[in-house]
Amino acid sequence: MSAELPAPLTAEQKTSGQRVIVILEDAPLEVVKVKHGFQLANCDDHRGLLQNAKRDPAEMRPDITHQCLMTLLDSPLNKAGRLVIYIHTAKNVVIEVSPQLRVPRTYKRFAGLFVELLQRHKIRAKDGSEILMKVVSGPVSKYLPVNGRKIGFSVNGKLVLLREHVKSLPECQPPKRPLLLEEGDAADDAAEPQKKKKKGKR
């Protein structure tokens with residue numbers, strides 16, 4: 001099974017060559033203290049706590065992040081070593097995700113893993129040889145290619161066939177350069193004006 005995992009990338013490799021960088025923006029990943037310890041806040045288990053803090057429980061959907069990570073890390077793009085993933089949380093925490101991470105299939109285990117990450121700032125492989133996730137200093141832009149093109153996903157954007165649109169971009173012509181995909185990771189990625197992203201260069 002380990003042979004299927006891509007090799008870790010160097011800092012230079014992450015911002016060069018034919019590669020896709022994905023940022024999961026506004027991820028609702030937040031630790032809350034409960035009677036028996038700490039948990040990852042979510043709209044089902046912590047509705048009362050969130051309402052008492054005058055916050056909308058509907059915004060706490062870490063299960064969306066869970067599903068996104070499973071899809072990305074299981075993708076042929078990741079298995080080919082062409083994918084770089086960052087999570088930028090709603091609390092402005094930046095997380096770097098190793099392509100070798102195996103995301104827990106159940107939400108309960110996923111939540112436990114992220115509570116540990118947000119408290120310890122690092123998750124290592126069982127043998128301790130590899131860092132699978134870590135909190136890194138912000139802003140997330142310093143880990144991205146200079147003058148790189150960003151493609152944002154939004155309900156307010158122009159509807160296109162992504163495969164055909166990407167083929168037409170200069171970044172996908174020789175010499176090929178990294179392409180940045182920015183995806184809203186909240187239940188409503190158009191909740192704030194600054195998050196109403198359309199495709200385009202930035």
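Two strands are taken to pair if DSSP finds at least two bridges between them, and on this basis strand β1, residues 20-27, pairs with strand β9, residues 179-184, in the parallel sense over six bridges. The model described here is a predicted one. Within the pairing of β1 and β9, Glu25 stands opposite Gly184 of β9. Strand β9 is also joined to strand β8, residues 149-153, by four bridges, and these two strands run parallel; here Phe153 is the residue that stands opposite Glu183 of β9.

An antiparallel arrangement is found for strand β2, residues 31-34, and strand β3, residues 37-40, which are joined by four bridges. These two strands form a hairpin in which two residues lie between them, and the bridge partner of Lys33 in β3 is Phe38. Taken as a whole, the chain contains six helices and ten strands. Of its 202 residues, 43% count as buried, and its exposed area amounts to about 11800 Å², of which carbon and sulfur atoms supply 52%. Among the contacts between residues at least 6 apart in sequence, 68% join residues that are at least 24 apart.

The largest nonpolar core comprises 35 residues, and those with the most contacts inside it are Leu29, Leu69, Ile87, Ile95, Val97, Phe114 and Met133. At least two residues of this core are supplied by each of β1, α3 (62-73), β4 (83-89), β5 (94-97), α5, β7 (131-136) and β9, and the element that gives the most to this core is α5, with seven residues. When residues up to four places away in sequence are not counted, Leu69 touches Leu24, Ile85, Ile87, Val97, Val103, Phe110 and Phe114. Apart from the largest core lies another, of eleven residues, among them Ile21, Ile23, Val94 and Tyr143.

Helix α5 spans residues 107-120, and its 14 residues reach 20 Å from the first C-alpha to the last, close to the 20 Å expected at 1.5 Å a residue. The buried residues of this helix are Phe110, Ala111, Leu113, Phe114, Val115, Leu117 and Leu118. Of these, Phe110 and Phe114 are among the residues touched by Leu69, and Phe114 is also listed with the residues that have the most contacts inside the largest core. Just after α5, His121 takes a positive phi of about 70 degrees.

As regards cysteine, a search of the whole structure finds zero disulfides. Cys43 has a relative accessibility of 10%, and because residues under 20% relative accessible area are classed as buried, Cys43 counts as buried. The same cut-off applies to Cys68, which therefore also counts as buried at 13% relative accessibility.

Glu12, by contrast, lies in helix α1, residues 11-14, and has a relative accessible area of 64%; because the exposed class begins over 50%, Glu12 is exposed. Although Glu12 and Pro145 are 133 residues apart along the chain, their C-alpha atoms are separated by 9.7 Å.

Definitions and conventions: Residues are numbered from 1 along each chain as its sequence is written. This is a predicted model: local features need pLDDT of at least 70, side-chain atom pairs count only at pLDDT 80 or more; totals for chains, interfaces and linings use all residues. Side-chain values use heavy atoms; hydrogens and water are left out. The expected span of a helix is 1.5 Å times one less than its number of residues. Buried means under 20% relative accessible area, exposed over 50%, partly exposed in between (1.4 Å probe, protein chains only). A nonpolar core is a set of buried Ala, Val, Leu, Ile, Met, Phe, Trp, Tyr and Cys residues joined through side-chain atoms within 4.5 Å. Contact means heavy atoms within 4.5 Å. Accessible areas come from the Shrake-Rupley method with a 1.4 Å probe; for residues, only the protein chains shown count as cover. A disulfide is a pair of cysteine sulfur atoms within 2.5 Å.
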